[in-house]
Every structure is written in C-alpha cells, then in structure tokens.
Amino acid sequence: MPVIRTCVFALCAAAAAASWAADLRTPESFASTSDPAQRSRELFLEAGKVIQHPRCLNCHPNGDRPTQGMDLHPHLPLVVRGKDDKGAAGMRCTACHQAANVEPGGFPGNPLWHLAPGSMAWQGKTLAQICVQIKDKRRNGGKSLPAIQEHMASDGLVGWAWAPGGTREPAPGTQEQLGALIKAWIDTGAFCPAS
C-alpha cells in the first residue's frame, strides 16, 4: 500500500508541475486586442501573476525584513536587509542560503541570494504601481527596459522562483514565459495597467 500511495503522490506531483507551464498565457494569445496600448497593459497584467506571486514578493519586501511562505510571514529567524541587501554583518543571507537548495533543512538556495533593493519593494503595492516602479531608472538600478526584460528572463536568482525545492509552490508558468511576456509588453509600448 505505501508503494501505491507513493506512486499516486508522484503522479499527482508530476501533473501539478506540468500544469504550471499552462498557468501563463502566451503573448500571441493577446493578438485579438487590436489597440497596442491595451494589449501592452494586458500583457503586463499577465506577467503580474508572477510579479505578485509570493515567490517574488518575499524577496521584494516593503521594509528591511524579508518575508517567507505563501502568506508572506516575517522571515524566521529574524534577519534584516543590511547595507547591501545581503544581510547584516554577522548574519549574511548566505550564512543559511547556500549555492543551491538544501533539502534536508528546507533552506532555499542560490549563489546570489539577496533581497531586491529597497527601492524595488513590491509588497503592498498595486500592479500599476509596480509597473511604474520597474520603468523608473532612479528606482530600478538604472536599468533600461531591455535590461529589465533580461533580468526577468535570464537571471538565475529570479529563476529560483520556478525551482524553489521542497514543498514550496513555484511561480506560475516558466521563466521563459515571463521573459516573453515582458518582451511583448515592451514591444507594445510598455504601458502600465490602470490603478
């Protein structure tokens, strides 16, 4: 009986993992929207399914303390951002977050583990506010729109959101799908959704 339960669980887990790729619409699915500005807004709303997912929001906190989990509860143990977004002296992010996920302890990992800059806090903001923020070079680290697209489409730390390990829920779709949505959003004028 345990073998059957294990197999059923494995099949369900595989089906759930396969379904994530279908959770984001493709840029082509917005072709019926003839107004490019409206299509652009719709594309960003679709990308917002990832941007506002807890996998992203936990690393884009509004404040100096990261959050964790699907409910965005304060990080335990108590840690803070630090001057360089990599933790305070003596309690650096990489003290616990290694180069890869550590499954026995449940610690997520990536070689570049750190918080997004405070100027890129997304928690508590609408998708329209986040859109304006992403486009603002004074807040986004001086990045152009193509650099923002590259960051979302290829950055390894961003990519962790789709391979979080353990029982953590991955972000919707795939990183490649997010990158395609952001590129299409830029190509249609990078319009932000209304409030």
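Q: What makes Asp-136 and Arg-138 a salt bridge?
A: Their closest N and O atoms are 3.2 Å apart. A salt bridge needs a side-chain nitrogen of Lys or Arg within 4 Å of a carboxyl oxygen of Asp or Glu. The pair meets that rule, so the name applies. This is a predicted model, where local features need pLDDT of at least 70, side-chain atom pairs count only at pLDDT 80 or more, and totals for chains, interfaces and linings use all residues. Residues are numbered from 1 along each chain as its sequence is written, and side-chain values use heavy atoms, with hydrogens and water left out.

Q: Why is Asp-136 called buried or exposed?
A: Its relative accessibility is 13%. Buried means under 20% relative accessible area, exposed over 50%, partly exposed in between (1.4 Å probe, protein chains only). Asp-136 therefore counts as buried. Its partner Arg-138, at 75%, is exposed.

Q: What makes Asp-84 and Arg-92 a salt bridge, and how accessible are they?
A: Their side chains meet at 2.6 Å, N to O, which satisfies the salt-bridge rule. Asp-84 has a relative accessible area of 36%, so it is partly exposed. Arg-92 has 32%, so it is partly exposed too.

Q: How do you know that Arg-81 and Asp-64 tie together separate parts of the sequence?
A: First, the contact: the closest N and O atoms of this salt bridge are 3.4 Å apart. Arg-81 lies in the loop between strand E2 (73-74) and strand E3 (87-88). Asp-64 lies in the loop between H3 and strand E1 (67-68). The two parts are therefore 17 residues apart in sequence. Helices (H or I, at least four residues) and strands (E, at least two) are DSSP runs, numbered from the N terminus. Arg-81 is buried, at 6% relative accessibility. Asp-64, Arg-81 and Asp-85 are linked in a network of salt bridges.

Q: How many salt bridges does a search of the whole structure find?
A: The search gives 7.

Q: What makes Cys-131 and Cys-192 a disulfide?
A: Their sulfur atoms are 2.1 Å apart. The cut-off for a pair of cysteine sulfur atoms is within 2.5 Å, so the pair qualifies. The count by this rule is 1 disulfide.

Q: Why is the disulfide of Cys-131 and Cys-192 called left- or right-handed?
A: The torsion about the S-S bond is about -80 degrees, so the disulfide is left-handed. Cys-131 lies in helix H4 and Cys-192 in the segment after H7, so the bond ties together parts 61 residues apart in sequence. Both cysteines are buried.

Q: How do you know that Cys-56 is in no disulfide?
A: The nearest cysteine sulfur, that of Cys-59, is 8.0 Å away. Cys-56 is buried, with a relative accessible area of 14%. Cys-96 is in no disulfide either, with the nearest cysteine sulfur, that of Cys-93, 9.2 Å away. Cys-96 counts as partly exposed at 29%.

Q: Which angle class fits the aromatic pair of Phe-44 and Trp-185?
A: The count of aromatic pairs is 2. Phe-44 and Trp-185 lie 4.8 Å centre to centre, with 45 degrees between the planes. Rings of Phe, Tyr and Trp (its six-membered ring) pair if their centres lie within 6.5 Å; planes under 30 degrees apart count as stacked, over 60 as edge-to-face and the rest as tilted. The pair is therefore tilted. Phe-44 is in helix H2 (residues 36-51) and Trp-185 in helix H7 (residues 175-187), 141 residues apart. Phe-44 is buried at 0% relative accessibility. Trp-185 is buried, also with 0%.

Q: What class does the aromatic pair of Trp-113 and Trp-160 get?
A: The centres are 5.0 Å apart and the planes make 90 degrees, so the pair is edge-to-face. These residues are 47 apart in the chain. Both are buried.

Q: Which residues have the most contacts inside the largest nonpolar core?
A: Among them are Phe-44, Ile-51 and Trp-185. The core has 30 residues. A nonpolar core is a set of buried Ala, Val, Leu, Ile, Met, Phe, Trp, Tyr and Cys residues joined through side-chain atoms within 4.5 Å. H7 gives the most to this core, with 6 residues.
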